[in-house]
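This text walks through a structure in two parts, a sheet with its helices and then a pair of packed helices. Please keep the display in view while reading.

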Amino acid sequence: MGIRHRQHVEKKHQTTSSEYSKRAVVIMGSADDIEQGRNNLRRAHPQVKQIMGSYQVRRRLSLAGIGVALIAAVAIVTFRSRQKTMASMYRRPRGGGNPLPPSYRNKALLIIAAIAVYTAFLYHSGGAGQYLGADSAAPDPNLSASALNGMAAMANANRKLQVSTWNVAAINNNPFEYWITYDENPAYETIMTNIEAFLENPGAQDVPVSQVFTEEMFAELEKRMDGVGWDNVRSYWDNDFKNRKIVEGFMKDPLLGSKRLASMPDRITNTINVVGSDFPVCRPTVINMYDGDLSTLQIWWSAWERFMFDTPLTIQSKDGTFTEPPYKMLQPIKKAKYPDITEEEEKVSLPLQTMCGAIFDAILVHMMNTVSSPDVWQALKKTMVENLNRQKVPHTLDILENVYGTSDIITLQEVSGSLIEQARNRPLGQKFWIVAPGSMDAVRDQNSVILLSKETFPAGPSAEITSLVESSFEPGVTVPVAKGDILAITATDRDGIPFVVASFHGDTNGLATKPVLSAIMKGMASDSSLVAHKLVFGLDANTYEKAKPGKQQDVLEWGQHYVSYDLTSCWGDVPNPANYTTFNSRTYLQPQLNKACKKTDKRANGDVNPKDFILFGKGDFKVVHTWKDNTGEKTYIEDMAFPTLNFPSDHGILATIVEPITSASNA
């Protein structure tokens with residue numbers, strides 16, 4: 001009797017365990033069932049699809065998954081406890097035994113694992129992972145309806161959206177700073193190669209400084225500096241600088257670079273914007289737009305001395321205008337900022353940097369006149385200055401008007417105030433709303449700008465929300481963004497679709513790119529009037545194919561980041577690391593020789609990276625066609641260094657045509 005009763009209880013245990021397992025499976029279904037159901041639901045109706053793609057619903061799904069996992073766990077634990085209690089009433093078979101049969105235990109563990117995996121997927125994909133515990137607003141129902149109806153109208157009209165983005169900055173002052181492609185004149189490559197050889201293998205040409213910047217020149221400079229009340233630096237000249245070799249002792253001296261004794265005066269006086277002139281005033285040197293005669297050192301020195309000490313220039317500052325000669329614009333070099341400079345050098349940093357700046361310019365003129373004849377290199381420079389510098393803004397606007405004028409949205413980065421003003425006064429300003437940041441960067445003169453087609457956005461921009469983005473950075477985290485780098489606005493298109501359009505210029509290492517996107521998404525999610533808006537984001541992400549871990553932003557990691565917000569890009573969910581949009585490298589004719597690239601190393605050591613992106617909602621639009629352009633003719637020549645005389649930027653233009661996703665297109 002006891003044995004028959006125990007068998008009955010064990011049979012009942014088996015039935016109960018089986019029922020628990022079946023009920024748990026019914027609640028959750030298999031992983032395939034869950035995914036199939038989710039896909040069917042997404043295809044059922046555009047509105048359902050839109051809801052399923054939202055953060056809040058995915059958050060609830062995540063919470064539901066966690067809840068089901070807990071219920072299942074409690075059920076199994078309860079069953080195991082009951083099983084243990086009942087089993088204790090009878091003696092187990094000799095040799096022990098598992099109170100929970102292995103098949104049932106494994107099924108239970110499998111169910112919990114499936115729940116955990118699915119919940120982790122939701123968490124990672126941006127649902128609970130991004131907003132679990134964060135404030136997120138309910139969408140404005142009117143805007144949601146407008147967005148839904150507008151997308152349907154756009155799809156029914158077979159209307160597409162063309163978006164273009166371009167970092168327009170490149171050479172600003174020095175036409176020789178970067179290697180360019182200049183097939184029209186072979187003299188360019190000859191001269192640049194000869195300069196490289198001069199600095200890498202100077203041989204007998206590595207003469208003492210005093211043979212280039214002569215004793216007579218220093219004596220005249222000394223008199224000038226004494227006359228303005230500066231401390232005398234003859235001891236530095238006599239005991240050190242005049243005896244240095246021009247290449248190994250001066251141009252390639254790393255300590256001279258870290259002390260900023262040559263680069264600081266160059267940065268301040270290289271090119272000076274003055275009141276009342278469309279063109280800046282340039283210091284007489286090889287590495288800017290100076291168009292005077294530099295055929296001999298004596299001609300150069302006379303012009304240089306006159307410029308630094310006898311040429312009053314009227315400058316606009318935040319406090320008004322002031323007029324003074326360039327030497328008064330120089331700033332002391334502080335040891336606190338540049339620790340390699342000695343305390344004694346800090347005290348005389350104004351005359352010392354002036355002397356070093358003069359020596360630097362003298363060596364440049366000497367090198368150019370050594371490797372080439374003045375009539376050849378000066379004629380070449382004038383052509384380059386005209387195309388790369390003076391005509392840079394008009395040439396940029398020509399490309400935007402004539403080649404990309406059909407765009408609905410154009411996002412630009414590193415835009416000067418001059419370009420904005422000229423664009424508004426040209427046909428481009430008749431066709432587009434040209435939107436600049438409310439708080440522009442007048443010092444660096446580099447701003448992100450957005451152009452909206454007046455046909456597509458007849459009402460123009462609605463509001464600027466840049467401050468909302470900037471206030472949405474993670475508390476306590478320093479994000480390396482500067483004034484003018486971010487511009488975010490709202491606008492409604494002719495079909496009633498509300499958009500958030502953003503333009504962003506990332507820092508050199510790309511470390512601000514992920515935080516800025518996160519701030520945009522957080523800001524949009526926190527405002528009920530923005531939740532239903534469609535995001536279009538054009539940016540120079542400054543991402544790298546082979547990033548230095550912890551120091552640069554890896555492009556594949558960046559792709560994972562935007563996908564986590566249910567966004568995709570014109571390059572898809574997984575960007576190709578070898579799909580470059582930049583190809584530039586520094587020459588030897590610029591102050592930072594440690595960054596110079598040999599002709600043969602332009603590709604290996606240059607900035608050749610996949611940096612530019614256009615992002616949008618993965619559930620909103622799909623790509624019809626994407627292209628990049630480094631010619632201004634909608635074509636991209638791979639392995640070509642740019643800018644060129646015909647293409648004025650060191651970033652390629654990126655453009656994409658997208659169409660709205662409908663239930664039919666997603667079926």
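**The sheet and its helices**

In this predicted model, β9 and strand β10 (residues 486-492) pair in the antiparallel sense, over three bridges. One residue pair can be picked out to locate this pairing: E464 has I489 in β10 as its bridge partner.

The two strands belong to an open sheet of six strands with mixed pairing, in the order β9-β10-β11-β12-β16-β15. Its edge strands are β9 (461-464) and β15 (567-569), each of which pairs on one side only. On average, neighbouring strands of this sheet are turned by 20° against each other, with direction ignored.

Two helices can be followed against these strands. Helix α22 (residues 513-526) lies across β10, β11 (498-505), β12 (534-540), β15 and β16 (612-617). With respect to β12, α22 runs at about 160°. Helix α23 (residues 555-563) also packs on the sheet, where it touches β12, β15 and β16. The direction of α23 makes about 20° with that of β16.

Next comes a helix pair. Two packed helices are described by the angle between their axes and the distance between the axes. For helix α9 (residues 215-227) and helix α16 (residues 349-371), the axes come within 11 Å and cross at roughly 150°. Angles over 145 degrees count as roughly antiparallel, so α9 is roughly antiparallel to α16. The crossing of α9 and α16 is right-handed.

Which residues meet where α9 and α16 touch? From α9 come F218, L221 and M225, and they meet P351, T354, M355 and A358 in α16. The residues of this contact divide into six nonpolar, one polar and no charged.

Note on methods:
Residues are numbered from 1 along each chain as its sequence is written. This is a predicted model: local features need pLDDT of at least 70, side-chain atom pairs count only at pLDDT 80 or more; totals for chains, interfaces and linings use all residues. Side-chain values use heavy atoms; hydrogens and water are left out. Axes are lines fitted to C-alpha atoms, for helices over the stretch in contact, and angles run from 0 to 180 degrees between N-to-C directions. Helices (H or I, at least four residues) and strands (E, at least two) are DSSP runs, numbered from the N terminus. Angles under 35 degrees count as roughly parallel, over 145 as roughly antiparallel, 65 to 115 as roughly perpendicular and the rest as oblique. A crossing is left-handed if the near helix is turned anticlockwise from the far one by less than a right angle, and right-handed if clockwise. Contact means heavy atoms within 4.5 Å. Ala, Val, Leu, Ile, Met, Phe, Trp, Tyr, Cys and Pro count as nonpolar, Asp, Glu, Lys and Arg as charged, and the others, Gly among them, as polar. Two strands pair if DSSP finds at least two bridges between them.
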